[in-house]
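Colleague: I am new to reading protein models, and I would like a close look at one part. Could you walk me through the place where the metal sits and what lies around it?

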Amino acid sequence: MTDHHPECPERLTKIMAHLEKQPFYDDLKKVQATKADRKWVEAIHPAGYIDQLEGLEPEHGLIMVDHDTALRPGSMDSIWYAAGAGLNAVDEVIGGDSRVAFCATRPPGHHAEPRKAMGFCFFSNIAIAAKYALDHYGLERVAIIDFDVHQANGTIECLKDDPRALVCTSFQHPYYPNSHWYGLPEHIVNLPIDEHTNGSFIRKAVHDIWEPALEIHQPQLILISAGFDAHRLDAMAQVDWETRDYAWITRWVQNMAYKYCQGKMVSMLEGGYALCSLPQCVAAHIGVFVGDEKAMMLSRVQQ
Ligand SMILES: [Zn+2]
């Protein structure tokens, strides 16, 4: 991105440095992402769009593809690895023996539409992973839970014609990207949040709005677009969640995953730009997964 852009490399370096200090770090299985197989990116994005992005990547300097989204030399590598991480994660959880995987990747993906890069996003990483789980592993139904502070316009646009994928997105409203509001199919479930709303609203709203949708859909895998920019310290928006709210919503998603799909979850990093809160939120998110894994192991030992 441009210099001093909020979607900066320090997001990942600070996340990784903070995770390394966590007591659970050694218990994590770390997998180096591989670049996405183009076949699966083309399942969401037209070949011409992919070629266009490849052609735009500059050898020097940067090219703006949207008013706040830029390509630099090497950007396409990151874009292919970020999409590939989602495929690797599905391989781990559906094709392997992991119960849950978190992808620490950038650029994010949930604003990218099939033919449009926008909002710091180029490929719809989560939609590509969902399509892979459905078409490669033969799942019949998946659900995407997106708790980023911005609406998942890209995920919606990529999957609005595929009712196998339930898309639940919470977001500050009215706010960027201000789209996909009217005439949506039943498998797209918007959950608007007023600005300056604390975490108590989401606790009730997911019960009233998302749980009935999940009950109807009966997902066989839950994918999470994990954006952490609703935090009160994140200047990207004006929602006032605390770090503990991310632990809470992670626990809620996990409960849903146990109810419908043996706890199977694939989580991918989306937004989250406050370097003072993003690492803590990610650690809280992963900590729920790991804590639960330890509790399960303990109960097995006790049995
Ligand atoms: Zn966001």
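Modeller: Happy to; here is a walk from the metal site out to the rings and the sheet around it. Keep in mind that this is a predicted model.

Let us start with the zinc ion. Which residues coordinate the zinc ion? They are Asp148, which appears twice through OD atoms, His150 through ND1, and Asp229 through OD, at 2.0 to 2.8 Å. Is the site regular or irregular? The angles among the four donor atoms run from 51 to 150°, and the site is irregular. A tetrahedral site would need all angles between 85 and 135 degrees, so this range does not fit that class.

Now follow the donors along the chain. Their spacing reads D-x1-H-x78-D. Aspartate 148 lies in the loop between strand S4 (142-146) and helix H6 (153-159), while aspartate 229 is in the loop between S7 and H8, and 81 residues separate the two. This pair therefore links distant parts of the chain. Are these two aspartates buried or exposed? Aspartate 148 and aspartate 229 are both buried.

Next, look at the rings. Phe147, Phe228, Trp241 and Tyr246 are linked by ring pairs into a cluster. Within this cluster, take phenylalanine 228 and tyrosine 246: their ring centres are 5.0 Å apart and their planes meet at 55°, so the pair is tilted. Phenylalanine 228 is in the loop between strand S7 (222-226) and helix H8 (243-261), tyrosine 246 is in helix H8, and they are 18 residues apart. Both phenylalanine 228 and tyrosine 246 are buried. Notice that the loop between S7 and H8 holds aspartate 229 as well as phenylalanine 228.

The strands beside these loops belong to a sheet. How many strands form this open sheet, and in what order? There are six, in the order S3-S8-S7-S4-S5-S6, with parallel pairing. S3 and S6 stand at the edges with a single partner strand each, so one side of each has no neighbour in the sheet. On average, neighbouring strands are turned by 15° against each other, direction ignored.

You can trace the sheet from S4 to the edge. S4 and S5 pair in the parallel sense over five bridges, and alanine 143 has leucine 166 in S5 as its bridge partner. S5 (residues 165-172) then pairs with S6, again in the parallel sense, over six bridges. Here valine 167 stands opposite isoleucine 188 in S6. What about S6 itself, covered or not? Strand S6 (residues 188-193) is mostly covered, with five of its six residues buried.

To finish, here is one more ring pair to find. The structure holds ten aromatic pairs, and one of them joins tryptophan 80 and phenylalanine 123 edge-to-face, at 5.1 Å centre to centre and 80° between the planes. Tryptophan 80 sits in helix H4 (residues 75-95), and phenylalanine 123 sits in the loop between strand S3 (100-103) and helix H5 (125-135), so the pair links parts of the chain that are 43 residues apart. Both tryptophan 80 and phenylalanine 123 are buried.

Key: Residues are numbered from 1 along each chain as its sequence is written. This is a predicted model: local features need pLDDT of at least 70, side-chain atom pairs count only at pLDDT 80 or more; totals for chains, interfaces and linings use all residues. Side-chain values use heavy atoms; hydrogens and water are left out. Rings of Phe, Tyr and Trp (its six-membered ring) pair if their centres lie within 6.5 Å; planes under 30 degrees apart count as stacked, over 60 as edge-to-face and the rest as tilted. Helices (H or I, at least four residues) and strands (E, at least two) are DSSP runs, numbered from the N terminus. Buried means under 20% relative accessible area, exposed over 50%, partly exposed in between (1.4 Å probe, protein chains only). Donors are N, O and S atoms within 2.8 Å of the metal (3.2 Å for Na, K and Ca); water is not among the atoms, so sites may look incomplete. Four donors count as tetrahedral if all angles lie between 85 and 135 degrees; four count as square planar and six as octahedral if opposite donors are over 155 degrees apart and all others between 65 and 115; anything else is irregular. Two strands pair if DSSP finds at least two bridges between them. Axes are lines fitted to C-alpha atoms, for helices over the stretch in contact, and angles run from 0 to 180 degrees between N-to-C directions.
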